[in-house]
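Got your viewer open? Take a quick look around, and then we'll go through it stop by stop.

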Amino acid sequence: MKVLVPGISGRLGRLLADELLAAGHDVIGMDRRPFREAPEGVEMHEVDIRKRAAEDVFRRVRPDAVIHMATVTHLIVQSEDRYRINLGGTRAVFEHSHAYGVEHVVFYGRHTYYGAAPDSPLFHTEDEPPMGLSHFPELADLVAADLYAGSALWRYSSFVTSVLRLVYTLGPTGHGTLATFLRGARVPTILGYDPLFQFMHEKDVVSALMLALDKRPRGVFNVAGPPPVPISLVIRETGRTNVPLPEFLLNAALGRFGLPKLPAGALEHIKYPVIVDDSAFRKATGFSNAADEVEAMREYREAFPPPAG
């Protein structure tokens with residue numbers, strides 16, 4: 001099968017490319033970033049998904065399936081261009097897929113779609129609306145992209161749409177929001193709060209994407225791995241130092257004193273848990289995570305030992 005992967009140059013995209021090739025698929029990559037040392041067999045196009053050149057790739061290649069990974073978070077891209085990348089790029093992927101005969105589109109979404117709040121349910125199911133935008137407006141672009149992808153379920157009946165809302169990732173590549181948050185020697189938390197964090201190993205993320213490609217589940221699905229653990233445990237087991245601070249002090253110290261730079265709304269996510277019910281995806285695809293939370297934390301710590309100081 002011909003599989004087009006927008007966003008292939010990211011760390012997870014590279015892992016996915018290897019698995020797709022190993023499974024015998026023809027892999028077509030699309031990304032604004034170069035994919036240096038791309039595996040033999042990857043047809044790479046260094047283009048912006050929102051531009052005419054990207055549509056030309058769809059027109060020429062006529063992929064059977066698309067795995068759309070070309071979205072970014074606030075911690076990775078902190079600019080107004082992020083909204084155009086996430087929503088504009090997602091819209092282009094679905095419009096081109098409809099126009100050029102794609103049979104299946106997999107959208108890589110995030111469980112932070114649901115938002116973090118004191119009155120949120122313990123487990124989020126797929127039919128719940130996003131609730132955190134009033135506190136964390138920087139999520140608006142990812143939520144908008146997710147909602148647009150979900151609308152393809154009724155907008156485009158010519159192909160199967162699988163919207164996956166994956167939890168945080170952790171592993172040796174250092175991909176993702178949680179891995180970025182943990183990168184320094186000292187990790188801030190809010191005094192009096194120790195929320196559960198739900199994450200999965202990078203190799204299980206790739207396995208979930210491969211299963212979605214194979215099983216073609218239609219709908220919106222939460223995707224998770226091992227049970228969630230307190231953020232204090234994650235910090236300790238990755239070799240970092242937990243720095244609990246009063247919220248007002250942490251808000252003033254973000255981006256200084258070796259602490260990560262976070263938007264004010266992100267503090268809700270280190271106060272309250274965002275835990276998802278992933279039973280629908282497991283039932284639809286037979287997914288079972290291979291790595292537990294201990295392995296994910298250990299491999300991250302070995303790949304990214306805490307900086308001195």
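Which residue in E13 does Arg186 stand opposite? Select Arg186 and look across to E13: the residue opposite is Thr241. Keep in mind as you click around that this is a predicted model.

**Stop 1: E8 and its partner**

Now select residues 186-190, which make up strand E8. Its partner is strand E13, residues 241-245, and the two pair in the parallel sense over five bridges. Try colouring E8 by burial. Four of its five residues are buried, so the strand is largely enclosed by the rest of the structure.

**Stop 2: the open sheet**

Next, show the strands as arrows and find the open sheet of seven strands. Walk across it in the order E3-E2-E1-E4-E5-E6-E11, and notice that the pairing is parallel. At the edges you'll meet strand E3 (42-45) and strand E11 (219-223), each of which pairs on one side only. Tilt the view a bit: neighbouring strands here are turned by 20° against each other on average, direction ignored.

Zoom in on the E3 edge. Strand E2, residues 26-30, pairs with E3 in the parallel sense over four bridges. Pick Val27 and you'll find its bridge partner in E3, Val42. While you're looking at strands, here's a handy rule: in a regular strand the side chains alternate between the two faces of the sheet.

**Stop 3: a helix across the strands**

Select residues 140-155 to bring up helix H4. This helix lies across strand E5 (104-110), strand E6 (160-166) and E11, and runs at about 150° to E6.

**Stop 4: helix H6**

How far apart are the end C-alpha atoms of helix H6? Select residues 202-215 and check: they are 20 Å apart. At 1.5 Å a residue, the 14 residues of H6 should span 20 Å, so the two values agree.

Now show the side chains of H6. Its buried residues include Val205, Val206, Leu209, Met210 and Leu213, and Glu202 and Asp204 are buried as well. To make sense of which way side chains face, remember that an α-helix has 3.6 residues a turn, so residues three or four places apart point the same way. Just after H6, click on Arg216, which takes a positive phi of about 50°.

**Stop 5: Val229**

Last one: select Val229, in strand E12 (residues 229-230). Is Val229 buried or exposed? Its relative accessible area is 7%, so Val229 is buried. Leaving aside neighbours within four places in sequence, Val229 is in contact with Pro195, Leu196, Phe197, Phe199, Val234 and Glu293.

Notes: Residues numbered from 1 in each chain as written. Predicted model: local features only at pLDDT ≥ 70, side-chain atom pairs only at ≥ 80, totals over all residues. Heavy atoms only, no water. Pairing = 2+ DSSP bridges. Axes fitted to C-alpha atoms, helices over the stretch in contact; angles between N-to-C directions. Contact = heavy atoms within 4.5 Å. Expected span 1.5 Å × (residues − 1). Buried < 20%, exposed > 50% of the residue type's maximum accessible area, 1.4 Å probe, protein only.
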